[in-house]
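Work through the exercises below with the sequence and the model open. Each task is followed by a solution in steps.

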Amino acid sequence: MIDYKEYTLSNGLSLIVHQDTSTPMAAVNILYDVGARDEDPERTGFAHLFEHLMFGGSVNIPSYDEPLERAGGENNAFTSNDITNYYLSLPAANLETAFWLESDRMLNLAFSEKSLEVQRNVVMEEFKQRYLNQPYGDAWLLLRPLAYKQHPYQWPTIGKELSHIADATMDDVKAFYGKYYNPCNAIMSVTGNVDPEKVYELAEKWFGPIPSGEPYKRELPVEPEQKTPRFLEVERDVPSDALFMAWHMPGRLDKNYHRTDLISDILSHGESSRFTQKLIKEEQLFSDLNAYISGDMDPGLFIISGKLNEGVSFESAEKAIYRELEMLKENPPPEEELQKTKNKIESILVFSELKITTIALNLCIAKLMGDTSLVNTELEKYLKVTPQMISDQAKEIFKTENCSILHYKSKKRN
């Protein structure tokens with residue numbers, strides 16, 4: 001059970017504090033409610049670009065990392081289609097250093113042509129390395145727009161194409177910052193060896209004077225129900241053929257989200273999972289095969305991806321996967337198998353509560369979902385799932401018409 005106290009500053013900044021006196025450390029997490037889904041379709045990749053720009057220095061602090069390292073701290077950040085998240089940890093005695101650093105870049109990021117050029121080049125290089133020059137790297141650039149026709153999940157966080165970042169102007173960047181990087185669009189959590197009231201005082205001192213900004217009202221196009229199967233085939237210079245299959249699934253707040261997550265683990269989490277035992281070891285159709293969920297706030301994707309062994313056709317690979325899915329539809333998993341899967345999830349969730357940085361992130365995400373107390377009910381939702389619920393959910397999702405398939409052919413094998 002994670003205890004916490006909540007505050008809201010007059011400028012709209014949400015603050016959550018969790019005290020843990022067993023550690024000498026503190027963690028600070030700031031979640032900005034902006035991700036790739038909030039971008040202009042003609043200017044994608046900006047949320048991720050900002051993840052980098054935020055470390056380029058603010059008006060009063062030319063270097064972000066240097067003072068944090070002097071205070072014994074470390075930091076990082078990540079962007080998803082839903083959020084941009086910044087986090088750091090440092091000795092609790094030096095907590096005010098974190099407030100000084102984070103408040104200054106929320107108040108006034110130092111926009112310079114040099115910083116923009118440096119970070120733009122970093123992001124473009126990342127785009128090339130991860131998506132264009134890496135084997136199978138462009139699979140998500142192909143699969144997302146195949147599965148989504150209206151919703152902005154149709155592009156990854158890196159962006160649709162390189163030119164969107166290459167052509168980003170200073171005016172574009174400043175407008176994005178002004179719209180989203182405001183107290184009223186941010187959630188801050190502080191965890192560790194801290195006193196909640198003192199944390200609130202520090203928040204008032206460093207963040208209180210920052211102007212609220214205009215509240216951002218998200219109005220995204222809803223993805224229509226997919227009623228016909230979709231298919232794309234490409235040929236690339238990769239070692240082996242790869243198969244990608246994606247079905248639309250519920251978002252994070254849907255009551256069936258946790259059922260779907262359990263299905264992915266039943267199919268492919270661990271050596272005893274169905275895919276590993278049957279399709280990799282016994283039938284030797286795949287060299288690797290994974291089932292996973294995108295974990296999005298809005299309705300996301302359930303993905304199955306794997307590399308085919310030499311001589312295995314796409315047709316036989318797909319048929320084997322559908323056979324396993326049909327089995328799950330028609331026969332609820334044995335209670336023992338489901339319980340083993342729940343046990344794995346329980347150990348992951350319990351272990352995550354040992355790290356103050358993870359607790360800080362989880363508190364922010366729960367708040368973003370509308371109720372901070374959700375941080376304490378995640379496990380309960382998994383434990384309530386019955387074998388019949390698994391079968392019912394499999395029937396709901398794994399319909400042929402709900403599937404988008406990508407055949408990623410190897411030039412070497414064809």
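**Exercise 1.** Does Ile263 count as buried or exposed?

Solution. The model is predicted: local features need pLDDT of at least 70, side-chain atom pairs count only at pLDDT 80 or more, and totals for chains, interfaces and linings use all residues. Residues are numbered from 1 along each chain as its sequence is written, and side-chain values use heavy atoms, with hydrogens and water left out.

Step 1. Set the cut-offs: buried means under 20% relative accessible area, exposed over 50%, and partly exposed in between (1.4 Å probe, protein chains only).
Step 2. Ile263 has a relative accessibility of 0%, so this residue counts as buried.
Step 3. Place it in the fold: Ile263 is part of helix H9, residues 257-268. Helices (H or I, at least four residues) and strands (E, at least two) are DSSP runs, numbered from the N terminus.
Step 4. List what surrounds it. Leaving out residues up to four places away in sequence, Ile263 touches Phe302, Leu328, Ile390, Gln393, Ala394 and Phe398. Contact means heavy atoms within 4.5 Å.
Step 5. For one of these partners, compare the two kinds of distance: Ala394 is 131 residues from Ile263 in sequence and 7.7 Å from it in space, C-alpha to C-alpha.

**Exercise 2.** Describe the chain as a whole.

Solution.
Step 1. Count the elements: the chain has 15 helices and eleven strands.
Step 2. Check the overall dimensions. A compact globule of 414 residues would have a radius of gyration near 22 Å, and the 23 Å of the chain agrees with this. The radius is taken over C-alpha atoms, and the globule rule is 2.2 Å times the number of residues to the power 0.38. The C-alpha trace spans about 65 × 50 × 35 Å along its principal axes.
Step 3. Turn to burial and contacts. Of the 414 residues, 55% are buried. Among contacts with a separation of 6 or more, 82% are between residues 24 or more positions apart.
Step 4. Count the charges. There are 44 positive and 64 negative side chains, and the centres of the two sets lie 3 Å apart. Lys and Arg count as positive and Asp and Glu as negative, while His and the chain ends are not counted. Each charge is placed at NZ of Lys, CZ of Arg, CG of Asp or CD of Glu.

**Exercise 3.** Which residues have the most contacts inside the largest nonpolar core?

Solution.
Step 1. Define the set: a nonpolar core consists of buried Ala, Val, Leu, Ile, Met, Phe, Trp, Tyr and Cys residues joined through side-chain atoms within 4.5 Å.
Step 2. The largest core has 55 residues, and Leu95 and Tyr181 have the most contacts inside it.
Step 3. A second, separate core holds 37 residues, including Trp247, Leu289, Phe302 and Leu308.
Step 4. Look closer at Leu95. Apart from neighbours within four places in sequence, its contacts are Ala26, Val28, Leu90, Val190, Val194, Val199 and Leu202.
Step 5. Set this against the general pattern: in soluble globular proteins, nonpolar side chains tend to be buried together.

**Exercise 4.** Compare the settings of Tyr136 and Gln284.

Solution.
Step 1. Read the backbone angles. Phi is near 65 degrees in Tyr136 and near 50 degrees in Gln284. Most residues other than glycine have a negative phi.
Step 2. Locate both. Tyr136 is in the loop between helix H4 (113-132) and helix H5 (139-147); Gln284 is in the loop between helix H10 (274-282) and strand S9 (286-293).
Step 3. Apply the burial cut-offs. Tyr136 is buried, at 13% relative accessible area, whereas Gln284 is exposed, at 52%.

**Exercise 5.** Where is Thr157, and what does this residue touch?

Solution.
Step 1. Thr157 lies in the loop between H5 and helix H6 (162-166).
Step 2. With a relative accessibility of 16%, Thr157 counts as buried.
Step 3. Beyond residues up to four places away in sequence, Thr157 touches Ala36, Gly45, His48, Thr79, Ser80 and Asn81.
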